[in-house]
Amino acid sequence: MYLKRINILNFKNISDKSFDFHQRINCFVGFNGVGKTNILDAIYYMAYGKSYFNPVALQNIKHNTDFFVIDGTFSLQDKDEHIVCSLKKGQKKILKRNGKNYDRFSDHFGLIPLVIISPSDADLIIEGSETRRKFIDSVISQMDNSYLQQLIQYQKLISQRNALLKNFAQNNYFDPATIEIYNEQIELLAQPIFEKRKSFLEGFVPIFNKYHQLITDNHDDVDLKYDSQLHDKTMSELFKEFLPKDRAVQYTSVGIHKDDLLFELSGHPIKKFGSQGQQKSFLIALKLAQFDFIKKQKGIAPILLFDDIFDKLDENRVRKILELVNLDTFGQIFISDTHVERTESLLNSIHQEFEIFKIQEDNNFN
Ligand SMILES: Nc1ncnc2c1ncn2[C@@H]1O[C@H](COP(=O)(O)OP(=O)(O)OP(=O)(O)O)[C@@H](O)[C@H]1O
C-alpha cells in the first residue's frame, strides 16, 4: 500500500499544495517552521481522521480561512482508494472514502495502516498513564474493531457509575443494588479488555526488544511491562475491596482505565534515568514494533512517517534505523529533516530510491 498523491488546502500553514509521491522513500526538507510536519500530519489525518499533533480540529484550519480539505489517493492491493477529510467552521468534520461519507469514523480505522514517529512521542514517556493506554488501545483497535467498541462501552459505563457515586454522595444515600447492576456490566467488559491487552503485550514486547537491540546495538538494557490491577484480582474482587474508597472519592478508582505501561532502563523508570537519546531510541523501537505488529496482523506494510528523524540521535543509531527501514519488510516512508545534504548523504548510503521535496518558507514547494 502507498500514497500516490495528496492535495492539501488551508491545512495549518499550507494554503494549496499537491505532491505526487515515490512508492518508497519521500523526504520533506526545509527550515524550521516551514510546514514539513504539517504535511506529515495531513497524511496522518487521512488514516486516523484527526491530527496527530493538535486535537482541536478547528485549530487545524489555516488562520483567516474557514475550511480545510485534505484529498489523497492511495494504492491499496492494486486498487485506488480516494480519501477526503474536510472541515468547515460551524459544520461537522467529513471523512469520505471513494465519494461516500462515513457515518462513524471508527469504521475507517485500520483501512490505511500508518505509524508516525515524532519528537512529540516523548509524551508517551513524560505524560500520565492515559497517553500510554491510548497508544496500546490504538494499536489493538487497528486490528480488532470489537475491542474499540468494548472500550467505548466500558468508558460509558464507568462515567455512569461515577455519576451514580456522585449522586449518592450528594444525597447522602447509597443503594448497593444499583451499583451492582453497573458492576456486573463493567466486569463483563473489563476482563476481555484486560485479556486482549495482556495477550497483545505478550506478542508485542519481544518485537519491541528486537528493534531496540538492533537500533542500539544491544547497548541499553530496557524493559516494557504491563501494569494492571487485574493481574492479581478479578474486577468483581476489586469492586468489593474498593467500594468504600469509590464512595469517598465519588469516582471509580479501580479497573482497566487505571492500567499503565512501565518503561524501564536498567530496572529504573526511563523517564527519570534515561538520556534524551536513550528515550528517543526507546520510543522509536516502540513505534517500529507497532509497525511490525500491524504488518503481521494485516499483511500490509503500514506507511511510516518519520518526523525529525535525526534529532537527538547519534549517527550510529540513525544509520541503524535507516538500514532497518531499507529492508523489504518496510513500505512507503516519509521523512522530514532540516538539512538536505545530511538527508541526501544518509539515503545515498543505503542505496534506496528516494524523492526529496524542498519545502520553502513562503510555502512554495519545489
Ligand atoms: N491553523 C494554522 N494556521 C496557520 N499556520 C499554522 C496553523 N497551525 C500551525 N501553523 C504554523 O505551522 C508552522 C509549523 O509548521 P511545522 O511544524 O510543519 O514546521 P516544520 O517545518 O516541521 O518545522 P521544524 O523543522 O521546526 O519541525 C508554525 O509556524 C505554525 O505557526
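In this predicted model, the shell of residues around the ligand divides into 12 polar, 4 charged and 2 nonpolar residues. Of the 18 residues that make up this shell, those that come nearest to the ligand are Asn 13, Asn 32, Lys 36, Thr 37 and Asn 38. The largest share of the shell is contributed by helix α1, spanning residues 36-48, from which 3 residues are drawn.

With regard to the overall fold, the secondary structure of the protein amounts to 14 strands and 10 helices. The radius of gyration is 22 Å, close to the 21 Å that the globule rule gives for 366 residues, and the protein is therefore as compact as a globular protein of that length. Along the principal axes, the C-alpha atoms occupy a box of roughly 70 × 50 × 35 Å. Buried residues account for 35% of the 366 residues of the protein, and, among contacts between residues at least 6 apart in sequence, 73% join residues that are at least 24 apart.

The domain assignment divides the protein into domain 1, formed by residues 1-113 together with residues 300-366, and domain 2, formed by residues 127-299. The centres of domain 1 and domain 2, taken over C-alpha atoms, are separated by 29 Å, and the contact between these domains takes 16 residues from domain 1 and 18 residues from domain 2. On the side of domain 1 that touches domain 2, the largest share, 4 residues, is supplied by helix α9, which covers residues 315-325. By class, this side of domain 1 comprises 9 nonpolar, 3 polar and 4 charged residues.

An annotation is also available from UniProt, in which an unreviewed entry lists residues 2-336 as "domain: RecF/RecN/SMC N-terminal". In the model, the span of residues 2-336 is 45% helix and 22% strand, and the C-alpha atoms at its ends lie 17 Å apart.

At the level of single residues, Thr 252 is placed in the loop that runs between α6 (235-249) and β10 (260-265). Thr 252 counts as buried because 24 other C-beta atoms lie within 10 Å, where the cut-off for a buried residue is 20 or more. When neighbours within four places in sequence are left aside, the residues in contact with Thr 252 are Ile 158, Arg 161, Asn 162 and Asp 246. In addition, the C-alpha atom of Thr 252 is separated by 8.2 Å from that of Leu 165, although these two residues are 87 residues apart along the chain.

Methods:
Residues numbered from 1 in each chain as written. Predicted model: local features only at pLDDT ≥ 70, side-chain atom pairs only at ≥ 80, totals over all residues. Helix = DSSP H or I, 4+ residues; strand = E, 2+ residues; numbered from the N terminus. Rg over C-alpha atoms; globule rule 2.2 N^0.38 Å. Buried ≥ 20, exposed ≤ 12 C-beta atoms within 10 Å, placed from the backbone. Contact = placed C-beta atoms within 7 Å. Near = placed C-beta within 6 Å. Nonpolar A, V, L, I, M, F, W, Y, C, P; charged D, E, K, R; others polar. Domains from an automatic or database assignment. UniProt positions renumbered as here; feature names shortened; annotations may be inferred.
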